[in-house]
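Student: Before I set anything up with this protein, could we go through its interior, its pockets and its backbone together?

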Amino acid sequence: MDVTTERQEGVLTAQVGGRIDGSNVAQFEEAIRTAIDENDRAVLIDCENLGYISSAGLRAVLMTAKTLSSRNAKFALCSMSDPIREVFQISGFDKIVAIHPSKAEALASFGS
């Protein structure tokens, strides 16, 4: 699992690659938590290179969403492969977290 981040106009984008599962979910949580700045108005997790996510990974995404919600910051996911999108749909997480087909659409949803 690898996480790279970039910040542009108050939006933090985290590109996640590989697998998020029980063996590395703590590193994923730490990478996201430490990357988020108090001035970020929105956080986007780009899942284009994510190959697998376990229930532990889903929980980490949910905890990030709750943390950001409590600060009135927006949160979304984008660019999921069909199998990853299915995991989010089957678990019902697609009803909790905004999921966009592309990074451009996700960024547009945050507004200015």
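Tutor: Gladly, and please keep in mind throughout that this is a predicted model.

Student: Then let us begin with the interior: which element gives the most residues to the largest nonpolar core?

Tutor: The largest nonpolar core holds 28 residues, and those touching the most other members are F28, I45, I53, V61, F75, L77 and F88. Two or more residues each come from β2 (11-20), α1, β3 (42-53), α2, β4 (74-78) and α3 (82-91). Within this core the greatest contribution, 6 residues, is that of α2.

Student: How many residues are in the second, separate core?

Tutor: This second core stands apart from the one just described, and its members include A42, L44, C78 and F110. Its size is 7 residues.

Student: Which residues does F28 touch, leaving out those up to four places away in sequence?

Tutor: F28 is one of the residues that touch the most other members of the largest core, and F28 also belongs to the lining of the largest cavity. With sequence neighbours up to four places away set aside, the residues touched by F28 are M1, V3, V16, I20, I45, A60 and V61.

Student: Is F88 buried or exposed, and at what relative accessibility?

Tutor: F88 sits in helix α3, and beyond its neighbours within four places in sequence it is in contact with I53, L58, V61, L77, M80, F93, D94 and I99. For one of these, L58, which is 30 residues away along the chain, the C-alpha atom is separated from that of F88 by 8.0 Å. Because the cut-off for a buried residue is under 20% relative accessible area, F88 counts as buried, with a relative accessibility of 1%.

Student: What is the geometry of the aromatic pair formed by F88 and F93?

Tutor: Searching the whole structure gives 1 aromatic pair. The ring centres of F88 and F93 are 6.3 Å apart and the ring planes meet at 80°, so with planes over 60 degrees apart counting in this class, the pair is edge-to-face. Both F88 and F93 are buried, and the name of their arrangement is edge-to-face.

Student: Which class of residue makes up the lining of the largest cavity?

Tutor: The count comes to 1 cavity of 30 Å³ or more, and the space in the largest cavity is about 30 Å³. Its lining consists of V16, I20, F28, I45, C47, L50, I53, V61, L77 and F88, with β3 supplying the largest share, 4 residues. By class there are no polar and no charged residues in this lining, and the 10 residues are nonpolar.

Student: Turning to the largest pocket, how many charged residues are in its lining?

Tutor: The largest pocket contains about 170 Å³ of space and is lined by E29, I32, R33, I36, A60, M63, T64, T67, L68 and R71. At least two of the lining residues come from each of α1 (25-35) and α2 (55-70), and the largest share, 5 residues, is that of α2. Sorted by class, the lining has 5 nonpolar and 2 polar residues, and its charged residues number 3.

Student: Is T13 buried or exposed?

Tutor: T13 lies in strand β2, and aside from residues up to four places away in sequence, T13 touches T4, T5, E6, L44, D46, K103 and L107. Its relative accessibility is 7%, and T13 therefore counts as buried.

Student: What relative accessible area does H100 have?

Tutor: H100 belongs to strand β5 (residues 98-100). Apart from neighbours within four places in sequence, H100 is in contact with A76, L77, C78, S79, E105, A106 and S109. H100 is buried, and its relative accessible area is 18%.

Student: Finally, N72 has a positive phi; is this residue buried or exposed?

Tutor: Most residues other than glycine have a negative phi, whereas the phi of N72 is positive and near 60°. N72 is placed in the loop between α2 and β4. With a relative accessible area of 71%, N72 is exposed.

Student: And S79, which also has a positive phi: is it buried or exposed?

Tutor: S79 is not a glycine either, and its phi is about 60°. S79 is found in the loop between β4 and α3. Its relative accessibility is 16%, so S79 counts as buried.

Methods:
Residues numbered from 1 in each chain as written. Predicted model: local features only at pLDDT ≥ 70, side-chain atom pairs only at ≥ 80, totals over all residues. Heavy atoms only, no water. 1 Å grid on protein atoms, 1.4 Å probe; cavity = no way out; pocket = protein on both sides within 12 Å on 5 of 7 lines; lining within 4 Å. Points joined across faces, edges and corners; volume = space filled by probe spheres on them. Nonpolar A, V, L, I, M, F, W, Y, C, P; charged D, E, K, R; others polar. Core = buried A, V, L, I, M, F, W, Y, C linked by side-chain atoms within 4.5 Å. Buried < 20%, exposed > 50% of the residue type's maximum accessible area, 1.4 Å probe, protein only. Contact = heavy atoms within 4.5 Å. Phe/Tyr/Trp six-rings, centres within 6.5 Å; stacked < 30°, edge-to-face > 60°.
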